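Visitor: I've got a few questions about this one. Could you show it to me before we start?

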Number of protein chains: 2
Amino acid sequence: MVSLKDIAQRCGVSTATVSKALNGQPDIGEETRSRILRIADELGYMANASARALKTKRSYNIGVLFVDPMHGGLAHEFFSTVLDSIRSEAEGHGYDITFINQGLGQREISYLQHCRYRGVDGVVIASVDFTDHMVTELVQSDLPVATIDHVFNDRIAVLSDNLKGMDALVRFVAAKGHRKIALIHGEDTSVTAGRLTGFHRACEELGIQIPDKWIRQGVFHDPKSCYAITRELLEGPERPTCIFFPDDYSCIGGLNAIHDAGLRVPADISAVGYDGIPLSRIVSPVLTTWRQDTEALGSLAAARLIEQIEHPRTAILDRVIVEGRLQEGGSVRQIC
Amino acid sequence: MVSLKDIAQRCGVSTATVSKALNGQPDIGEETRSRILRIADELGYMANASARALKTKRSYNIGVLFVDPMHGGLAHEFFSTVLDSIRSEAEGHGYDITFINQGLGQREISYLQHCRYRGVDGVVIASVDFTDHMVTELVQSDLPVATIDHVFNDRIAVLSDNLKGMDALVRFVAAKGHRKIALIHGEDTSVTAGRLTGFHRACEELGIQIPDKWIRQGVFHDPKSCYAITRELLEGPERPTCIFFPDDYSCIGGLNAIHDAGLRVPADISAVGYDGIPLSRIVSPVLTTWRQDTEALGSLAAARLIEQIEHPRTAILDRVIVEGRLQEGGSVRQIC
DNA sequence: CTAATAAACTTAAACGATTAAGCGGAGGCG
DNA sequence: CGCCTCCGCTTAATCGTTTAAGTTTATTAG
């Protein structure tokens, strides 16, 4: 491969000069600079990221940690759209991304170790379980970190407003006349906590009483678990008229349960998802759901992280809240 | 960060000794080795990937190039499941993966340049358009390359058997009594070519005549385009009884078109997808589709690529065909 | 007893880039 | 004229690892 040395030789200058010319340093003559640039281009020169990283301690690589204990993680549209927006934001700033895993080859290593090994400049974390010991180790390290949908002290957090989203959904279905609402929520995380608060608050303000047996814990992104719970909800002596699901993906499982019970959506039962992933718009009926701005979630996390990496002193390490909006699909009907 | 030097100091040996001890070289005494290993562990030593890559010219990084001109690429379950299996196979061998893009920061660079910059040891390519100039540049370079669903000479190719898949699907619906079959296929790629061949051959062998107007070009992973084409197909004087779609994702668009035309699946029209992504199983009715082994597609591509990287002389650069199987969903009905 | 061999290290160069410090010459100033 | 400044470049060290070649000491063979 062609290196600085080759260019230096061809131009009759030192490698230092070439390096500075290419990096736009001021102490290089205009004539020399343009000659170097021309030759570099001619030879098809491309810097060596490893050498640069070794010397400067900046890899222009950001780590992405997606932990979803149940499934692959990437396989879900929510994660993959967030990932894609992280990727494209990072790319715009000259960064590549590296997936952080535990274990490299046969050796078991922690997330932090993996980050150190690759010398990533920072990490974006989206996880279901932020209490995981290895995740907290990472958050407590000196690496720049941005979390998605979870808050740590003195760390960048990008959040979607779960409380508001749930509040809006409850008000929406209530306005449609629903009072018998069941809620299947995800695992016990801060996301779930926010949604539960929003749900209960809205119900209370609207004077809606929800029996405990209608508040059920399911699993995020798991149509199967929601299928089972939905079947149970439909078997009770009194049936809810509307069911909330932890996300659009598992909502589909719920829809199937409803169909399999011989009922129709929304004629017999209304269904509400969460996330607003593309899938929610291509199914029929289109889901009534809270559309999270996954694009913003990912790109803001990346942008803020890069801001911290590049301007550590002036960067503000607080939370950013991303707006969402209600997607009024056809899965909720007006009753009475 | 703790480096070889620190360990060397603490152990009273040279860095060379430490390096060799950690890498399992034979010319290190047992006692010294275990002392070094212990100290390294105590100090939490982690090698520096950049330094190692710089010296050895091996980054333990493989590039992944997904080009989907229409959409994000990652956002589709087919790609994301393939990606995930590449990732986990690579991880098992001690490799990380890097997305290859054109452009880094403001600068426009080719895929190959990006690969050189990051010093990836090889690339897995999955693309809709393998005739893209930058893709061929990459394939013609000296970098180890494995392609998914496309064959280049003297290159590893991992393919799913599109001809066989299509053949099986045609025979399946024919056995159910369908003779009026419409086919919406994807862009003009080798995947499409294989499927068309399979389709025509099976039809011919079964003595089924398909009018040209029922063979339509759509767009992969684009429910919208399939929606439009489906509407057109339904408007004709004679309606097909079964429609084949380029993939499960866009099949959903077709289902909606059918519903919106006041028809039901499979009662009035049968529908066939392709891929067999998780989505195809959670919709209702479950799609009749050809289930590609995306898991195998990704992990074989990665495994074969790594084989070539690690044993360049003995590696066999040919094609591997991955089996699929028919998923008999409920979207095709028995007629007559 | 000497010489060859083996074992267990060390030395030192190299990978490709960056960057602080130095240096020669031109021009300006008093 | 002598001194200072500034420009434009070079020198040389350094980042953390690897590895070919060399060195020391002990062991074995002849």
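Visitor: How do the residues of the surface near DNA strand D divide into nonpolar, polar and charged?

Guide: They divide into 10 nonpolar, 10 polar and seven charged. Ala, Val, Leu, Ile, Met, Phe, Trp, Tyr, Cys and Pro count as nonpolar, Asp, Glu, Lys and Arg as charged, and the others, Gly among them, as polar. One caution: this is a predicted model, where local features need pLDDT of at least 70, side-chain atom pairs count only at pLDDT 80 or more, and totals for chains, interfaces and linings use all residues. Residues are numbered from 1 along each chain as its sequence is written, and side-chain values use heavy atoms, with hydrogens and water left out.

Visitor: What makes B:Leu4 one of the residues that come nearest to DNA strand D?

Guide: A residue is near a strand if one of its heavy atoms lies within 4 Å of it. A polar backbone atom of B:Leu4 is 2.7 Å from a phosphate oxygen of DNA strand D, so B:Leu4 counts as near.

Visitor: Why is the pair between B:Asn23 and DNA strand D called a polar contact?

Guide: A polar contact is a pair of N or O atoms within 3.5 Å. Here a polar side-chain atom of B:Asn23 lies 3.2 Å from a phosphate oxygen, so the pair qualifies.

Visitor: How do you know that chains A and B are related as by a two-fold rotation axis?

Guide: Superposed by least squares on C-alpha atoms of residues with pLDDT of at least 70 in both, chain A lies on chain B with an RMSD of 0.1 Å after a turn of 180 degrees and a shift of 0.1 Å along the axis. The two copies are thus related as by a two-fold rotation axis.

Key
Chains lettered and ligands numbered in written order. Polar contact = N/O pair within 3.5 Å; in protein donor to acceptor, adjacent residues only side chain to side chain.
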